[in-house]
Amino acid sequence: MYNIVSNPPRSEEQRFLRWSGIVAVIAFLLFAIGIWNQPFVGFETRFALFSKEMLRHGISFFPTTYGKPYPDYPVTSTLAIYFFAKIFGFFNKFIAVLPTVLASAGIVTLTFLLLVRSSLNWAIAAICFEWMTFTFLQESRSISLDQM
């Protein structure tokens with residue numbers, strides 16, 4: 001009898017990919033849980049304003065504030081927020097932070113994939129170190145240009 005659930009992976013590469021998928025989901029949940037209805041604070045308010053302006057007036061080459069271009073920041077993060085807001089049909093802190101959450105989960109997964117071929121223990125230690133770093137967690141749960 002053939003049982004799909006209990007069959008082990010056929011190669012090391014499949015096992016690494018399965019582990020990296022688990023790491024990516026855990027990282028995404030760690031960074032995303034609890035930010036749904038939080039208010040925008042500090043630096044995030046600027047990007048919330050950029051995103052709201054873009055949702056009202058359409059896409060522009062630079063983020064705008066009150067209808068005027070604000071060329072201090074690239075439009076890439078605001079554009080990502082704009083597209084997620086259009087896909088989901090609403091705008092809140094979760095939508096604004098979603099591009100950073102995805103980038104941070106990608107960083108954790110890439111770290112894991114780079115080290116797992118040498119040692120599973122080192123890979124797990126490296127991602128745990130990332131998760132225990134306060135600045136990495138703080139930046140992963142806010143609008144951060146550095147993560148992207």
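**Figure 1. Contacts of Phe 31 in a predicted model.** Beyond its neighbours within four places in sequence, Phe 31 is in contact with Val 101, Ser 104, Ala 105, Val 108, Trp 131, Phe 136, Leu 137, Ser 140 and Arg 141. The model shown here and in the views below is predicted. Phe 31 is found in helix α1, which covers residues 12–32. Its relative accessible area is 0%. Phe 31 is therefore buried, as the limit for that class is under 20%. One of its partners, Trp 131, is 100 residues away in sequence. In space, the C-alpha atoms of Phe 31 and Trp 131 are 9.5 Å apart.

**Figure 2. The largest pocket and its lining.** The largest pocket holds about 210 Å³ of space. Helices α2 (43–57) and α6 (134–140) are the elements that give two or more residues to its lining. Which residues line the largest pocket? They are Val 41, Phe 43, Glu 44, Lys 93, Gln 138, Glu 139, Arg 141, Ser 142, Ile 143, Ser 144, Leu 145 and Asp 146. By class, the lining has 5 charged, 4 nonpolar and 3 polar residues. Three of these lining residues, Phe 43, Lys 93 and Asp 146, are taken up in the next views.

**Figure 3. Phe 43 at the pocket.** Phe 43 belongs to the lining of the largest pocket. Its place is in helix α2. Is Phe 43 buried, partly exposed or exposed? Its relative accessibility is 40%, so Phe 43 counts as partly exposed. That value falls between the 20% limit for buried and the 50% limit for exposed. Outside its neighbours within four places in sequence, Phe 43 is in contact with Tyr 73 and Ile 143. Ile 143 also lines the largest pocket. Phe 43 and Ile 143 are 100 residues apart along the chain. Their C-alpha atoms are separated by 8.1 Å.

**Figure 4. Lys 93 and its polar contact.** Lys 93 sits in helix α4. Lys 93 is another residue of the pocket lining. Its relative accessibility is 5%, so Lys 93 counts as buried. Which side chain makes a polar contact with the side chain of Lys 93? The partner is Glu 44, at 3.0 Å. Glu 44 lines the largest pocket too. Leaving aside neighbours within four places in sequence, Lys 93 is in contact with Ile 35, Trp 36, Gln 38, Pro 39, Phe 40, Glu 44 and Arg 141.

**Figure 5. Asp 146 after helix α6.** Asp 146 lies in the segment after α6. Asp 146 is also part of the pocket lining. Its relative accessible area is 71%. Asp 146 is therefore exposed, a class that starts over 50%. Asp 146 and Ile 81 are 65 residues apart in sequence. From C-alpha to C-alpha, Asp 146 and Ile 81 are 15 Å apart in space.

**Figure 6. Helix α3 and what covers it.** Helix α3 runs over residues 76–88, 13 residues in total. How does its span agree with its number of residues? At 1.5 Å a residue, α3 should span 18 Å. The C-alpha atoms at its ends are 18 Å apart, so the two values agree. Ser 77, Thr 78, Ile 81, Tyr 82, Phe 84 and Ala 85 are buried in α3. An α-helix has 3.6 residues a turn, so residues three or four places apart point the same way. The cover over the buried residues of α3 includes α2 and α4 (93–116). Just after α3, Gly 89 takes a positive phi of about 85 degrees.

**Figure 7. Thr 78 within α3.** Thr 78 is in helix α3. Its relative accessibility is 0%, so Thr 78 counts as buried. Not counting residues up to four places away in sequence, Thr 78 touches Phe 47, Phe 50, Ser 51, Met 54 and Pro 63. Thr 78 and Leu 55 are 23 residues apart along the chain, and their C-alpha atoms are separated by 10.0 Å.

**Figure 8. Thr 111 in helix α4.** Thr 111 has its place in helix α4. At 18% relative accessibility, Thr 111 counts as buried, because that class takes values under 20%. A polar atom of the Thr 111 side chain lies 2.9 Å from the backbone oxygen of Ile 107. Not counting residues up to four places away in sequence, Thr 111 touches Ala 126, Ile 127 and Glu 130.

Technical notes:
Residues numbered from 1 in each chain as written. Predicted model: local features only at pLDDT ≥ 70, side-chain atom pairs only at ≥ 80, totals over all residues. Heavy atoms only, no water. 1 Å grid on protein atoms, 1.4 Å probe; cavity = no way out; pocket = protein on both sides within 12 Å on 5 of 7 lines; lining within 4 Å. Points joined across faces, edges and corners; volume = space filled by probe spheres on them. Helix = DSSP H or I, 4+ residues; strand = E, 2+ residues; numbered from the N terminus. Nonpolar A, V, L, I, M, F, W, Y, C, P; charged D, E, K, R; others polar. Buried < 20%, exposed > 50% of the residue type's maximum accessible area, 1.4 Å probe, protein only. Contact = heavy atoms within 4.5 Å. Expected span 1.5 Å × (residues − 1). Polar contact = N/O pair within 3.5 Å; in protein donor to acceptor, adjacent residues only side chain to side chain.
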